[in-house]
Amino acid sequence: MTRSITVLGSTGSIGVQTLDVARMHHIKVVALTANQRIDILEKQAREFQPALVAVRDAQAAAQLKIALADTDITVLSGEEGILTAARYETADTVVNAIVGVAGLLPTLEAVSAGKQLALANKETLVAGGVVVKEAIRQHGVKLYPVDSEHSAIFQCLQGCPEGALKKVILTASGGAFYGKTRQELANVTVQQALTHPNWSMGAKITIDSATLMNKGLEVIEASWLFDVPDEKIDVLVHRESIIHSMIQLQDNSVIAQLGVADMRIPIQYALTYPERCPSPVKELDLSEIATLTFGKPDTDTFECLAICREALRRGGLLPTVANAANEAAVQLFLEGKISFLQIPALVGQAVGQFDGNNSTVTLENILAADHETRQKILS
Ligand code: NAD
Ligand code: MG
């Protein structure tokens, strides 16, 4: 079980919930990082007394240094500051709750420093699966999934012998626009897309849920985590978000993990594995919920899921490209510069037009493909 953690992205939705779990279980917090929001970071630093905090934005870091001048806490800035936190010696586990591919280098830094990894940052695996898996093998560290579906699968797999897994069944809430036609999606607003039916999360992942890109990213994430190809990963729409995912075994027995929709369960399991500890999360009352429903995803209307599956099947740098195009497109949508349906259009175009898929998948090529794809969409 984890005794001390570094939380990368501590001011976000997963970061804050990770600190809830740390507080409840008296897990020592040795370093915290954020992009910009120093008001929350200062409060967290005063409560948890880490040795180190790092802020990517240099100006915000300088302000935080002044604000924390009465403490012994070291304040660092920039990418180097985040990487120093990722490898900080006294943590045994690094929780990566950064959003986007910005989490990739910190993940690799933590792994090379021999840290166990509690990974919420799915973009790390989507964009950099090859290099992350290799680094994990080389350094002999453990990766515990935090994404609720992948934690569910990981939980279901406990006690299953090697080779027993036949299929993974990822559940999907369907997001904000479940059941809508393309025509109805043409004029949806940012505010509508930011309203998730069951989960309260950061802006980017909420938009990804509305486009089904999130499920596409999760198919790729599952493929890396559980070593299963695209055709062995089913997606099932389950509006209630009570079953967090399932596995089907060779004998066609299906095992599911259920619970109320609260990320503190998967976060806690990643930190307390293999123990099962009390949690602040409410008990599940199935008699009150009464009905659980299931259906197929509408991949004609929500194209991102199909695009991600294609990127996974064709492999190479295409998952990196799909992810980068989506990050750029979501940024433009949130800034009110493109419409909702332009997100899948831009992701599809980027994957369809990418002509560098003969290059080997190295960290350098991943970062270059990410950068070029993003630039093309943002410029
Ligand atoms: P969020 O936007 O609420 O928080 C993101 C955090 O990352 C913040 O602390 C921010 O300061 C930091 N950050 C942002 N850009 C950065 C950069 N360039 N460099 C360094 N730090 C940066 O996001 P979130 O919803 O907490 O999601 C975090 C990750 O977890 C995402 O990959 C998301 O897909 C995944 N995830 C989230 C949930 C959820 O319930 N929120 C569930 C499953 C998976
Ligand atoms: Mg998820």
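Colleague: What comes right after α10, and what is the sign of its phi?

Modeller: Leu212 follows α10, and its phi is positive, near 70°. Bear in mind that this is a predicted model.

Colleague: What makes you call helix α10 mostly covered?

Modeller: Helix α10 runs over residues 203–211, and 7 of its 9 residues are buried. Buried here means under 20% relative accessible area. The residues that pass are Lys204, Thr206, Ile207, Asp208, Ser209, Ala210 and Thr211.

Colleague: Which elements do those buried residues of α10 pack against?

Modeller: Their partners are α6 (122–139), α9 (190–193), α11 (213–226), α14 (304–314), α15 and α16 (342–353).

Colleague: And α15, what does that helix give to the largest nonpolar core?

Modeller: Helix α15, residues 318–334, gives the most to this core, with 9 residues. The core itself has 112 residues. Those with the most contacts inside it are Ile5, Val53, Leu64, Phe177, Leu271, Phe340 and Ile343.

Colleague: Take Val53. What does Val53 touch, not counting residues up to four places away in sequence?

Modeller: Val53 touches Leu32, Ala45, Leu64, Leu68, Ile73, Thr74, Val75 and Leu76. Touching means having heavy atoms within 4.5 Å.

Colleague: Why is Leu119 called buried?

Modeller: The cut-off is under 20% relative accessible area. Leu119 has 2%, so it counts as buried. This residue lies in strand β6, residues 116–119. Leaving aside neighbours within four places in sequence, Leu119 is in contact with Asn96, Thr107, Thr124, Leu125, Leu143, Tyr144, Pro145, Val146 and Asp147.

Colleague: How far is Leu119 from Val130 in sequence and in space?

Modeller: They are 11 residues apart in sequence, and 16 Å apart in space, C-alpha to C-alpha.

Colleague: Zooming out, what is the secondary structure of the chain?

Modeller: The chain comes to 17 helices and 11 strands.

Colleague: Why is the chain called as compact as a globular protein of that length?

Modeller: The globule rule gives 21 Å for 379 residues, and the radius of gyration is 20 Å, close to that value, so the chain is as compact as a globular protein of that length. Along its principal axes, the C-alpha trace spans about 55 × 50 × 40 Å.

Colleague: How much of the chain is buried?

Modeller: Buried residues make up 54% of the 379. As for what is accessible, the surface comes to about 16400 Å², with 50% belonging to carbon and sulfur atoms.

Colleague: And how far apart are the mean positions of the positive and negative charges?

Modeller: They are 1 Å apart, taken over 32 positive and 42 negative charges.

Definitions and conventions:
Residues are numbered from 1 along each chain as its sequence is written. Chains are lettered from A and ligands numbered from 1 in the order in which they are written. This is a predicted model: local features need pLDDT of at least 70, side-chain atom pairs count only at pLDDT 80 or more; totals for chains, interfaces and linings use all residues. Side-chain values use heavy atoms; hydrogens and water are left out. Helices (H or I, at least four residues) and strands (E, at least two) are DSSP runs, numbered from the N terminus. The radius of gyration is taken over C-alpha atoms; the globule rule is 2.2 Å times the number of residues to the power 0.38. Buried means under 20% relative accessible area, exposed over 50%, partly exposed in between (1.4 Å probe, protein chains only). Accessible areas come from the Shrake-Rupley method with a 1.4 Å probe; for residues, only the protein chains shown count as cover. Lys and Arg count as positive and Asp and Glu as negative; His and the chain ends are not counted. The place of a charge is taken as NZ of Lys, CZ of Arg, CG of Asp or CD of Glu. A nonpolar core is a set of buried Ala, Val, Leu, Ile, Met, Phe, Trp, Tyr and Cys residues joined through side-chain atoms within 4.5 Å.
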